[in-house]
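Subject: Structure handover, with notes

Hi,

Here is the structure I promised to pass on to you. Please open it alongside this email, and my notes follow below.

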Amino acid sequence: MAAIRLIPAVLALSLTLVSCQSSSEKAANDQVKVAQGVELVCSARDEVDRAVEALNALTPESTVAQAEKTTKSLDKALKTLSNSEEQLNKAEVSEYRDQVKIFRDAVEEVRKDKDLTLAEAAEQLKGKAEPVIAAREQLMAITVCVEVEK
């Protein structure tokens, strides 16, 4: 019973810690999540490939039980792949959002210093957009956008 009362306290503490993270810490965490997500997707794809190979290896002499087992294995592998792709997509969106926030914060800092020349401001922001562009390209690689004619 004491463990049940501890859960809300742990949740509150974790939310507090997450809200205290800087944008760069969140971005770094999201980059780790993206890397882990890629690893999960690749592993899940391998699992699907193995299941498909097992399905293709069935012969007319194979039993119905073998066919059902192979089909269940493929279904499980496809579900794992779908879930891992979903997690990866969420991590990539979070990483992009964090990189945009870091850039906006940098722009805000430059904006506050009214004595900066435009050249000095550009120099301070130089390179700050590169992580945003990289995160955007990574996100666009998985996002299929379709134009609808009006």
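E85 and R45 form a salt bridge (a side-chain nitrogen of Lys or Arg within 4 Å of a carboxyl oxygen of Asp or Glu), and their closest N and O atoms are 3.9 Å apart. E85 sits in helix α3 and R45 in helix α2, so the pair ties together parts that are 40 residues apart in sequence. The helices here (H or I, at least four residues), like strands (E, at least two), are DSSP runs numbered from the N terminus. E85 is partly exposed, at a relative accessible area of 31%, and R45 is partly exposed too, at 45%. For these labels, buried is under 20% relative accessible area, exposed is over 50% and partly exposed is in between, with a 1.4 Å probe and protein chains only.

Please keep in mind that this is a predicted model: local features need pLDDT of at least 70, side-chain atom pairs count only at pLDDT 80 or more, and totals for chains, interfaces and linings use all residues. Residues are numbered from 1 along each chain as its sequence is written, and side-chain values use heavy atoms, with hydrogens and water left out.

On confidence, pLDDT is the predictor's confidence in each residue, from 0 to 100. The chain has a mean pLDDT of 80, and 81% of its residues reach 70 or more. Among the elements, α3 has the highest mean, 90, and helix α1 (residues 2-20) the lowest, 43. I would treat the start of the chain with care: over residues 1-20 pLDDT stays under 50, and the model has 2 contacts for them beyond four places in sequence. A contact means heavy atoms within 4.5 Å.

Now the overall layout. The chain has 5 helices and 0 strands. Of its 150 residues, 19% are buried. Among contacts between residues at least 6 apart in sequence, 74% join residues at least 24 apart.

Helix α2 covers residues 23-56, and its 34 residues should span 50 Å at 1.5 Å a residue (the expected span is 1.5 Å times one less than the number of residues); the end C-alpha atoms are 48 Å apart, which agrees. The buried residues of α2 are S23, A27, D30, V34, G37, V41, A44, V48 and A51. An α-helix has 3.6 residues a turn, so residues three or four places apart point the same way.

Several of these residues belong to the largest nonpolar core, which has 10 residues in all: V34, V41, A44, V48, A51, L74, A77, L81, L88 and A91. Helices α2 and α3 each supply at least two residues of this core. A nonpolar core is a set of buried Ala, Val, Leu, Ile, Met, Phe, Trp, Tyr and Cys residues joined through side-chain atoms within 4.5 Å. Beyond its neighbours up to four places away in sequence, L88 touches V34, G37, V38 and V41.

The next stretch of α3 caught my eye. D98 lies in this helix, which runs over residues 64-112. What is the nearest side chain of opposite charge to buried D98? It is R97, 5.0 Å away, and D98 has no salt bridge. (Lys and Arg count as positive and Asp and Glu as negative; His and the chain ends are not counted.) Not counting residues up to four places away, D98 touches S23, K26, A27 and D30.

S23, in helix α2, is buried with a relative accessible area of 15%. S23 is also in contact with K101, I102 and D105, among others. The C-alpha atoms of S23 and I102 are separated by 5.9 Å, although the two are 79 residues apart along the chain.

Q99, also found in α3, counts as buried at 7% relative accessibility. Leaving aside neighbours within four places, Q99 is in contact with A27, Q31, P131, V132 and A135.

Back to the charges: the whole structure has 4 salt bridges. One of them joins R111 and E108, with the closest N and O atoms 2.5 Å apart. Being 3 residues apart in helix α3, R111 and E108 are separated by about one helical turn. E109 and K112 form another, at 3.6 Å, and both of these residues are exposed.

Happy exploring, and best wishes
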